[in-house]
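The following note sets out points for a colleague who is reviewing the structure. It moves from open space to strands, cores and single residues.

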Amino acid sequence: MTQEQSALVLPLLKSAEMRRSVYALNKNLPITQQEVEDLAGHVIRHTPSSNNSQSARVVLLFGREHEALWEIVRETLRPLVKKDRWEKTDQKVSGFQAAAGTALFFEDMAVIRALQKKLPLYKERFPDWSEHGSAMNQYRLWQLLAAAGAGASLQHYNPIIDEAVKKRWNIPEDYRLRAQLVFGGISEPAGEK
(Lines give C-alpha, C1' and ligand atoms only; values in the text may rest on other atoms or scores of the structure.)
Protein backbone atom coordinates (compact mmCIF):
# COMPACT_ATOMS: atom_id res chain seq x y z
CA MET A 1 0.00 0.00 0.00
CA THR A 2 1.33 3.44 -0.88
CA GLN A 3 1.62 6.21 1.71
CA GLU A 4 -1.26 8.01 0.04
CA GLN A 5 -3.44 4.90 0.22
CA SER A 6 -2.45 4.33 3.86
CA ALA A 7 -3.40 7.91 4.70
CA LEU A 8 -6.90 7.20 3.38
CA VAL A 9 -7.32 3.66 4.70
CA LEU A 10 -5.98 4.03 8.26
CA PRO A 11 -8.64 6.56 9.40
CA LEU A 12 -11.35 4.23 8.04
CA LEU A 13 -9.89 1.32 9.98
CA LYS A 14 -9.68 3.45 13.12
CA SER A 15 -13.30 4.62 12.79
CA ALA A 16 -14.42 0.99 12.42
CA GLU A 17 -12.58 0.16 15.65
CA MET A 18 -14.20 3.12 17.46
CA ARG A 19 -17.72 1.98 16.55
CA ARG A 20 -19.04 0.17 19.59
CA SER A 21 -22.36 -0.42 21.32
CA VAL A 22 -22.42 2.31 23.95
CA TYR A 23 -25.40 2.10 26.29
CA ALA A 24 -24.53 4.73 28.91
CA LEU A 25 -25.47 7.79 26.85
CA ASN A 26 -26.38 11.36 27.75
CA LYS A 27 -27.70 14.47 26.03
CA ASN A 28 -24.23 16.09 25.76
CA LEU A 29 -23.68 15.29 22.11
CA PRO A 30 -20.13 16.30 21.05
CA ILE A 31 -21.39 17.57 17.68
CA THR A 32 -24.30 19.80 16.77
CA GLN A 33 -27.72 18.64 15.67
CA GLN A 34 -26.97 20.15 12.25
CA GLU A 35 -23.78 18.11 12.01
CA VAL A 36 -25.74 14.92 12.79
CA GLU A 37 -28.24 15.88 10.08
CA ASP A 38 -25.41 16.53 7.63
CA LEU A 39 -23.80 13.16 8.41
CA ALA A 40 -27.13 11.35 7.98
CA GLY A 41 -27.79 13.12 4.68
CA HIS A 42 -24.33 12.20 3.41
CA VAL A 43 -24.83 8.57 4.41
CA ILE A 44 -28.21 8.31 2.69
CA ARG A 45 -26.88 9.93 -0.51
CA HIS A 46 -23.61 8.01 -0.78
CA THR A 47 -24.24 4.51 0.58
CA PRO A 48 -24.66 1.93 -2.17
CA SER A 49 -28.03 0.34 -2.84
CA SER A 50 -29.31 -2.38 -5.15
CA ASN A 51 -29.78 -1.02 -8.68
CA ASN A 52 -29.02 2.43 -7.24
CA SER A 53 -32.53 2.36 -5.79
CA GLN A 54 -31.69 4.65 -2.85
CA SER A 55 -34.63 3.16 -0.94
CA ALA A 56 -33.25 4.09 2.50
CA ARG A 57 -34.95 6.81 4.52
CA VAL A 58 -33.92 8.21 7.89
CA VAL A 59 -35.89 10.29 10.37
CA LEU A 60 -33.83 12.03 13.05
CA LEU A 61 -35.44 12.68 16.42
CA PHE A 62 -33.97 15.07 18.98
CA GLY A 63 -35.15 16.48 22.30
CA ARG A 64 -38.80 15.91 23.13
CA GLU A 65 -39.41 13.97 19.93
CA HIS A 66 -36.59 11.55 20.78
CA GLU A 67 -37.98 11.16 24.30
CA ALA A 68 -41.48 10.58 22.87
CA LEU A 69 -40.16 7.68 20.80
CA TRP A 70 -38.89 5.94 23.91
CA GLU A 71 -42.21 6.57 25.68
CA ILE A 72 -43.87 4.79 22.76
CA VAL A 73 -41.45 1.89 23.22
CA ARG A 74 -42.10 1.84 26.99
CA GLU A 75 -45.90 1.88 26.65
CA THR A 76 -45.80 -0.73 23.87
CA LEU A 77 -43.64 -3.06 25.95
CA ARG A 78 -45.52 -2.59 29.25
CA PRO A 79 -48.34 -5.08 28.49
CA LEU A 80 -45.92 -7.50 26.78
CA VAL A 81 -43.28 -7.84 29.51
CA LYS A 82 -43.80 -9.99 32.59
CA LYS A 83 -44.13 -7.99 35.81
CA ASP A 84 -41.03 -9.57 37.36
CA ARG A 85 -38.96 -8.35 34.36
CA TRP A 86 -40.53 -4.92 33.99
CA GLU A 87 -38.08 -2.97 36.18
CA LYS A 88 -35.08 -4.11 34.12
CA THR A 89 -36.90 -3.36 30.85
CA ASP A 90 -37.99 0.06 32.10
CA GLN A 91 -34.40 0.91 33.10
CA LYS A 92 -33.16 -0.11 29.67
CA VAL A 93 -35.72 2.12 27.93
CA SER A 94 -34.88 4.99 30.32
CA GLY A 95 -31.24 4.60 29.29
CA PHE A 96 -32.16 5.06 25.64
CA GLN A 97 -34.39 8.01 26.53
CA ALA A 98 -31.44 9.67 28.33
CA ALA A 99 -29.54 9.92 25.03
CA ALA A 100 -29.52 12.97 22.75
CA GLY A 101 -31.35 11.51 19.77
CA THR A 102 -32.46 8.58 17.67
CA ALA A 103 -32.13 7.89 13.96
CA LEU A 104 -35.08 5.87 12.68
CA PHE A 105 -34.08 3.83 9.63
CA PHE A 106 -36.77 2.97 7.11
CA GLU A 107 -36.90 1.28 3.74
CA ASP A 108 -39.31 2.73 1.18
CA MET A 109 -41.21 -0.34 -0.01
CA ALA A 110 -42.76 1.59 -2.93
CA VAL A 111 -39.25 1.81 -4.39
CA ILE A 112 -38.76 -1.93 -3.86
CA ARG A 113 -42.09 -2.77 -5.51
CA ALA A 114 -41.18 -0.58 -8.51
CA LEU A 115 -37.92 -2.50 -8.91
CA GLN A 116 -39.76 -5.81 -8.65
CA LYS A 117 -42.08 -4.72 -11.44
CA LYS A 118 -39.26 -3.36 -13.59
CA LEU A 119 -36.97 -6.39 -13.13
CA PRO A 120 -39.23 -9.39 -12.46
CA LEU A 121 -36.35 -11.87 -12.82
CA TYR A 122 -35.01 -10.59 -9.47
CA LYS A 123 -38.39 -9.92 -7.84
CA GLU A 124 -37.79 -12.24 -4.88
CA ARG A 125 -34.32 -10.83 -4.17
CA PHE A 126 -35.11 -7.11 -3.91
CA PRO A 127 -36.40 -7.23 -0.30
CA ASP A 128 -33.18 -8.97 0.76
CA TRP A 129 -31.04 -6.48 -1.13
CA SER A 130 -33.00 -3.68 0.48
CA GLU A 131 -32.03 -5.07 3.90
CA HIS A 132 -28.38 -5.11 2.85
CA GLY A 133 -28.55 -1.45 1.90
CA SER A 134 -30.31 -0.56 5.13
CA ALA A 135 -27.63 -2.32 7.16
CA MET A 136 -24.90 -0.40 5.35
CA ASN A 137 -26.65 2.90 6.08
CA GLN A 138 -27.03 2.02 9.76
CA TYR A 139 -23.42 0.93 10.11
CA ARG A 140 -22.03 3.94 8.26
CA LEU A 141 -23.93 6.52 10.32
CA TRP A 142 -22.95 4.69 13.51
CA GLN A 143 -19.31 4.67 12.41
CA LEU A 144 -19.35 8.39 11.57
CA LEU A 145 -20.97 9.28 14.89
CA ALA A 146 -18.29 7.26 16.69
CA ALA A 147 -15.54 9.02 14.73
CA ALA A 148 -17.09 12.35 15.82
CA GLY A 149 -16.89 11.28 19.48
CA ALA A 150 -20.52 10.27 20.01
CA GLY A 151 -21.72 6.99 21.44
CA ALA A 152 -24.51 4.91 19.93
CA SER A 153 -26.28 1.58 19.99
CA LEU A 154 -28.52 -0.04 17.41
CA GLN A 155 -31.96 -1.16 18.60
CA HIS A 156 -34.76 -3.14 16.97
CA TYR A 157 -38.16 -2.52 18.55
CA ASN A 158 -39.84 -2.91 15.19
CA PRO A 159 -42.38 -4.15 14.26
CA ILE A 160 -44.16 -3.70 17.61
CA ILE A 161 -43.75 0.10 17.54
CA ASP A 162 -44.27 0.64 13.81
CA GLU A 163 -47.91 1.71 13.87
CA ALA A 164 -47.46 4.21 16.71
CA VAL A 165 -44.29 5.64 15.12
CA LYS A 166 -45.98 6.12 11.76
CA LYS A 167 -48.92 7.85 13.40
CA ARG A 168 -46.85 10.14 15.65
CA TRP A 169 -44.50 11.38 12.91
CA ASN A 170 -46.78 11.07 9.86
CA ILE A 171 -44.54 8.46 8.26
CA PRO A 172 -45.73 7.25 4.83
CA GLU A 173 -47.43 3.87 4.88
CA ASP A 174 -44.90 2.48 2.37
CA TYR A 175 -42.00 3.07 4.78
CA ARG A 176 -40.91 -0.02 6.70
CA LEU A 177 -39.06 0.61 9.98
CA ARG A 178 -35.85 -1.41 10.15
CA ALA A 179 -33.84 -0.09 13.14
CA GLN A 180 -33.39 2.63 15.72
CA LEU A 181 -29.89 4.08 16.23
CA VAL A 182 -29.76 5.77 19.64
CA PHE A 183 -26.93 8.30 20.01
CA GLY A 184 -25.56 10.83 22.45
CA GLY A 185 -22.63 11.83 24.60
CA ILE A 186 -20.77 8.99 26.27
CA SER A 187 -21.36 8.70 30.02
CA GLU A 188 -19.41 5.41 30.28
CA PRO A 189 -17.32 3.85 27.52
CA ALA A 190 -18.29 0.49 26.05
CA GLY A 191 -15.29 -1.32 27.51
CA GLU A 192 -13.07 -3.85 25.79
CA LYS A 193 -14.28 -6.21 23.09
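How many nonpolar, polar and charged residues does the lining of the largest pocket have, by class?

1. The largest pocket. The model is a predicted one. Nine nonpolar, two polar and one charged residues make up the lining of the largest pocket. The space in this pocket comes to about 150 Å³. Its lining consists of Met 18, Arg 20, Val 22, Trp 142, Ala 146, Ala 150, Gly 151, Ala 152, Ile 186, Pro 189, Ala 190 and Gly 191. Two or more of these lining residues are given by each of α6 (126-147) and β4 (151-155).

2. The cavity. One cavity of 30 Å³ or more is present in the structure. The largest cavity has a volume of about 80 Å³, and 18 residues line it. Nearest its centre lie Ser 49, Ser 53, Ser 55, Glu 107 and Gly 133. By class, this lining has seven nonpolar, 10 polar and one charged residues. Helix α6 provides the largest share of the lining, six residues; α5 (109-118) and α6 each supply at least two.

3. Ser 130. This residue belongs to helix α6. Is Ser 130 buried or exposed? Its relative accessibility is 5%, so Ser 130 counts as buried. Setting aside residues up to four places away in sequence, Ser 130 touches Ser 55, Glu 107 and Ile 112. Of these, Ser 55 and Glu 107 are among the residues nearest the centre of the largest cavity.

4. Strand β3. All eight residues of β3 (residues 101-108) are buried. The burial extends to both faces of the strand: Gly 101, Ala 103, Phe 105 and Glu 107 are on one side, and Thr 102, Leu 104, Phe 106 and Asp 108 are on the other. Strand β2 (residues 56-62) runs antiparallel to β3 and is joined to it by seven bridges. Within that pairing, Arg 57 stands opposite Phe 106. Eight bridges join β3 to β5 (residues 175-186), also in the antiparallel sense. Here Ala 103 has Leu 181 as its bridge partner, and Phe 105 has Ala 179.

5. Strand β5. Why is β5 described as largely enclosed by the rest of the structure? The reason is that 10 of its 12 residues are buried. Besides β3, strand β5 pairs with β4 in the antiparallel sense over five bridges, with Ala 152 facing Phe 183 as its bridge partner. Strand β1 (residues 25-26) and β5 are also antiparallel, over two bridges. In β5, Ile 186 stands opposite Leu 25. Both Ala 152 and Ile 186 appear in the lining of the largest pocket.

6. The nonpolar cores. In soluble globular proteins, nonpolar side chains tend to be buried together. The largest nonpolar core of this model has 24 residues. Those with the most contacts inside it are Leu 69, Trp 70, Ile 161, Val 165 and Trp 169. At least two residues come from each of α3 (63-77), α4 (83-97), β3 and β5, and α3 gives the largest share, six residues. A second, separate core of 17 residues includes Ala 100, Ala 103, Leu 141 and Leu 181. The bridge partners Ala 103 and Leu 181 are thus both named in this second core.

7. Leu 69. Which residues does Leu 69 contact, leaving aside neighbours within four places in sequence? They are Leu 61, Thr 102, Leu 104, Ile 161, Val 165 and Trp 169. Ile 161, Val 165 and Trp 169 are, with Leu 69, among the residues with the most contacts inside the largest core.

8. Val 36. This residue is placed in helix α2 (residues 33-46). Val 36 counts as buried because its relative accessibility is 0%. Apart from neighbours within four places in sequence, its contacts are Leu 29, Ile 31, Leu 60, Phe 62, Leu 145 and Phe 183. Val 36 and Ala 148 are 112 residues apart in sequence, with their C-alpha atoms 9.5 Å apart.

9. Val 81. The loop between α3 and α4 holds Val 81. Its contacts, leaving aside neighbours within four places in sequence, are Trp 86 and Thr 89. From Val 81 to Leu 141 the separation is 60 residues in sequence and 31 Å in space, C-alpha to C-alpha.

Notes
Residues numbered from 1 in each chain as written. Predicted model: local features only at pLDDT ≥ 70, side-chain atom pairs only at ≥ 80, totals over all residues. Heavy atoms only, no water. Buried < 20%, exposed > 50% of the residue type's maximum accessible area, 1.4 Å probe, protein only. Helix = DSSP H or I, 4+ residues; strand = E, 2+ residues; numbered from the N terminus. Pairing = 2+ DSSP bridges. Contact = heavy atoms within 4.5 Å. 1 Å grid on protein atoms, 1.4 Å probe; cavity = no way out; pocket = protein on both sides within 12 Å on 5 of 7 lines; lining within 4 Å. Points joined across faces, edges and corners; volume = space filled by probe spheres on them. Nonpolar A, V, L, I, M, F, W, Y, C, P; charged D, E, K, R; others polar. Core = buried A, V, L, I, M, F, W, Y, C linked by side-chain atoms within 4.5 Å.
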